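Please open the model in your viewer and keep the selection panel at hand, since this tour moves from one selection to the next.

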Amino acid sequence: MNNLFFVFIGGGLGALLRYGISSLCTILFSKVWVGTLIVNVVGSLIFILGKKLSISINPLFLYTGLLGALTTFSTFSFELLKLIQSGNFLEAIIVFLLNVIGGILIGIWILF
C-alpha cells in the first residue's frame, strides 16, 4: 500500500507542475509546445541528476510518480502531429530535435 501512496502523491505533484508550467509557457510564448519541451527537458535533467547523485528520495515517488506525470511523450507526439498537419514542417522538425536532442544533451553534459 505504501508503494501506491508514493506513486499517487508524486503523480499528483508532477501533474500540477506540468499543468502550471505548460499554462505559463503558453501565455508567455504563445506556443503550446514550449511548455512540453520544458517539462520534458527538465524531467530528463532531474532523472539523470537523481540517478547520478543517488538522491535518497523514494524512487516510486520521484521517477514513477513525479517525473512520470511531469514529462509527457504523448503530448509531445500530439503537438508534433498537429504542427505537421497544419503544414508547419520546419517548426515540427525544430520541436522534435529540441525534445529528443535536448534530453540527450542534458544527459551527456551531466554524465561527462
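**A nonpolar surface patch**

In this predicted model, begin by selecting Ile93, Phe96, Leu97, Val100, Ile101, Ile104, Leu105, Ile108, Leu111 and Phe112, which form a nonpolar patch on the surface and together have about 980 Å² of accessible area. Within that selection, pick out Phe112, which is placed in the segment after α5 (89-111). Phe112 has a relative accessibility of 81% and therefore counts as exposed, the cut-off being over 50%.

**The salt bridge**

Next, select Lys31 and Glu91 and show their side chains: the structure holds one salt bridge, and Lys31 forms a salt bridge with Glu91 in which the closest N and O atoms are 3.2 Å apart. Because Lys31 lies in the loop between α1 and α2 (32-52) while Glu91 belongs to helix α5, the pair ties together parts that are 60 residues apart in sequence. As for their surroundings, Lys31 is partly exposed, with a relative accessible area of 34%, whereas Glu91 is buried, with a relative accessible area of 19%.

**Val7 in the first listed helix span**

Now move to Val7, which is found in helix α1 (residues 2-29) and is partly exposed at a relative accessible area of 28%. Which residues is Val7 in contact with, leaving aside its neighbours within four places in sequence? Select Leu60, Thr64 and Gly65, since these are the residues that Val7 contacts once those neighbours are set aside. To finish, draw a distance between the C-alpha atoms of Val7 and Asn88, which are 81 residues apart along the chain and separated by 37 Å.

Note on methods
Residues numbered from 1 in each chain as written. Predicted model: local features only at pLDDT ≥ 70, side-chain atom pairs only at ≥ 80, totals over all residues. Heavy atoms only, no water. Patch = residues over 30% accessible without salt bridge, like charges linked within 9 Å, V, L, I, M, F, W, Y side chains within 5 Å. Areas by Shrake-Rupley, 256 points an atom, 1.4 Å probe, with all protein chains shown as cover. Salt bridge = Lys/Arg side-chain N within 4 Å of Asp/Glu carboxyl O. Helix = DSSP H or I, 4+ residues; strand = E, 2+ residues; numbered from the N terminus. Buried < 20%, exposed > 50% of the residue type's maximum accessible area, 1.4 Å probe, protein only. Contact = heavy atoms within 4.5 Å.
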